[in-house]
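Welcome! Please open the model in your favourite viewer and keep a pencil at hand for a few exercises.

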Amino acid sequence: MTAMCDVAFLLLSFFVMTATAKQPEPKPVDTPASTVIDKLPEDGVATITVGDKQVFFTIPRASRRGTLERISQEKGVSFTEGEYKAFENMEGFGVPLNQLKSLLSKSPAVRNAPGAQVGIPYDTINDQLTDWVKQAREAHKAIYEGQLQEGKINAEEFGKKADLGIAIKGDAKEDFMTVKRIIDILQEQKKNRFFLITGLRNKDF
Amino acid sequence: MAELNTGGGGGDGKKVRSKKSNPGVDLTAMVDLAFLLITFFMLTTTLSKPQSMPLAMPDKEKTDTDPDMKVPEDRMMTILIGKDNKILWYMGMLATPRMEPTEAKFGKDGIRKDILKNTAYAKQHTEKADEGLIVNIKASDAASYKNLVDILDEMAINKVQLYAIGDITPEEITLLTDKGLY
């Protein structure tokens, strides 16, 4: 009995430590099912969430600060150190740039309340999603360029990792045209390969 | 196993002598709980990894397309997605189709049979063993994102090697409207 108890608790602590807590999302979506069972790469992937014609963007943690620095430079908006910290800890977001400061000042619970975020503008007149994706890709690339110069990775690895992967997480009921617009935005910046996040479908479909 | 014996009780004036006992605690409930939690964490960690479907789109700015390049009409299938989860497909060019536009549903008994049939048809019309069906997927404004994923899933199920997502033309929208699918 004692041995069994020991093993059980050893395994329990292992699973508790390896488990990653589910991050709260500003927009929960119901993804369509598919039989393809490829897993999404664990790191180096930014996610664009689409639901109710609203778009949310999740940047990998390592590239978050770099992305906001680049956006701040390009758009001429300055952020305080506290706001950078808040942005780094924020999982996904979906607000126009002029509301970002007020979003960062709120607590995570308020931020992720339904309806608190209205989505990133992505229409042709005010296309902020393009800027975010572009800056996130540049920030991601800059990290690996730094590592390449320091000799931590070789050129082959750099080629594999330097381009930020993009995953589209769309709601099953979303209009095709909304998703098509996102695909067009990605293609405009020569991002022709990406992932569609799907759910599991049983085999006899 | 496992009971905590406390000595004494039946002393009766004699010298109180503590009985030699086996100090053990009942672990059954604790182990039960531990295994329950293990099961929970095991299942949640493996199931929470999101699944994904890789999608490669053709480069938009490619300008080296040869206008004289012959389209293999016998191997080209176009799938149009209309409203209410309905599909219209045809083989060849729209003006001179090899197979007339046909309506189909999603699923095992609908579009999948047609794709398999057309794959066989395409194989008959080519000498090369590695050449098969080419599918052009065109979704209309009335289609939903689920429709797109479903049709991409059919491509994966039927192992169609060449497929692309294209823009729908006004003629094809007219065709869908005529059939009452737009």
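Below are six exercises, each with a worked solution.

**Ground rules**

This is a predicted model, where local features need pLDDT of at least 70, side-chain atom pairs count only at pLDDT 80 or more, and totals for chains, interfaces and linings use all residues. Residues are numbered from 1 along each chain as its sequence is written, while chains are lettered from A and ligands numbered from 1 in the order in which they are written.

**Exercise 1. List the secondary structure of chain B and give the order of its elements.**

Step 1. Take helices (H or I, at least four residues) and strands (E, at least two) as DSSP runs, numbered from the N terminus.
Step 2. For chain B this gives four helices and six strands.
Step 3. Reading from the N terminus, the elements of chain B follow the pattern α-β-β-β-β-α-β-α-β-α.

**Exercise 2. Work out the strand order of the open sheet in chain B and name its edge strands.**

Step 1. Two strands pair if DSSP finds at least two bridges between them.
Step 2. β2 (residues 76-81) and β5 (residues 134-139) of chain B run parallel and share six bridges; one partner pair here is M76(B) with I134(B).
Step 3. β2(B) is also joined to β3(B), antiparallel, by five bridges, with M77(B) opposite M91(B). These two strands form a hairpin with four residues between them, and D84(B) in the turn has a positive phi of about 50°.
Step 4. β3(B) in turn runs antiparallel to β4(B) over six bridges, and K86(B) stands opposite K105(B). Here too there is a hairpin, with four residues between β3(B) and β4(B).
Step 5. The result is an open sheet of five strands in chain B, ordered β4-β3-β2-β5-β6, with mixed pairing. Its edge strands are β4 (97-105) and β6 of chain B, each of which pairs on one side only. On average, neighbouring strands of this sheet are turned by 20° against each other, direction ignored.

**Exercise 3. Decide how enclosed β3(B) is, and find the helix that lies across β2, β3 and β4 of chain B.**

Step 1. Call a residue buried if 20 or more other C-beta atoms lie within 10 Å of its own, exposed if 12 or fewer, and partly exposed in between, with C-beta atoms placed from the backbone.
Step 2. Five of the seven residues of β3(B) are buried, so the strand is largely enclosed by the rest of the structure. In chain B, 23% of the 182 residues are buried.
Step 3. The helix is α2 (residues 111-124) of chain B, which runs at about 155° to β4(B). Axes are lines fitted to C-alpha atoms, for helices over the stretch in contact, and angles run from 0 to 180 degrees between N-to-C directions.

**Exercise 4. Say where A164(B) sits, whether this residue is buried or exposed, and what touches it.**

Step 1. A164(B) belongs to strand β6 (residues 162-166) of chain B.
Step 2. A164(B) counts as exposed because it has 12 C-beta neighbours inside 10 Å.
Step 3. Residues are in contact if their C-beta atoms, placed from the backbone, lie within 7 Å. Leaving aside neighbours within four places in sequence, A164(B) is in contact with P58(B), N136(B) and I137(B).

**Exercise 5. Describe how chain B meets chain A.**

Step 1. Count residues: 38 of chain B are in contact with 42 of chain A.
Step 2. On the chain B side, α1 (28-47), β1 (51-56) and α3 (145-157) each supply at least two residues. The largest share, ten residues, comes from α1(B).
Step 3. By class, this side has 23 nonpolar, seven polar and eight charged residues. Ala, Val, Leu, Ile, Met, Phe, Trp, Tyr, Cys and Pro count as nonpolar, Asp, Glu, Lys and Arg as charged, and the others, Gly among them, as polar.
Step 4. Look for strand pairing between the chains: β6(A) and β1(B) are antiparallel over six bridges, and F195(A) stands opposite P54(B).

**Exercise 6. Find the buried face of helix α4 (residues 97-104) of chain A and what covers it.**

Step 1. The buried residues of α4(A) are L100(A), L103(A) and L104(A).
Step 2. Seen down the axis, they fall within an arc of 85°, so they line one face of the helix. The arc is that of the directions from the helix axis to the C-beta atoms.
Step 3. The face turned away from the buried side of α4(A) carries the exposed residues N98(A) and S102(A).
Step 4. The cover over the buried residues of α4(A) includes α3 (81-89), β4 (92-93) and α5 (108-111) of chain A.

Definitions and conventions
Contact = placed C-beta atoms within 7 Å.
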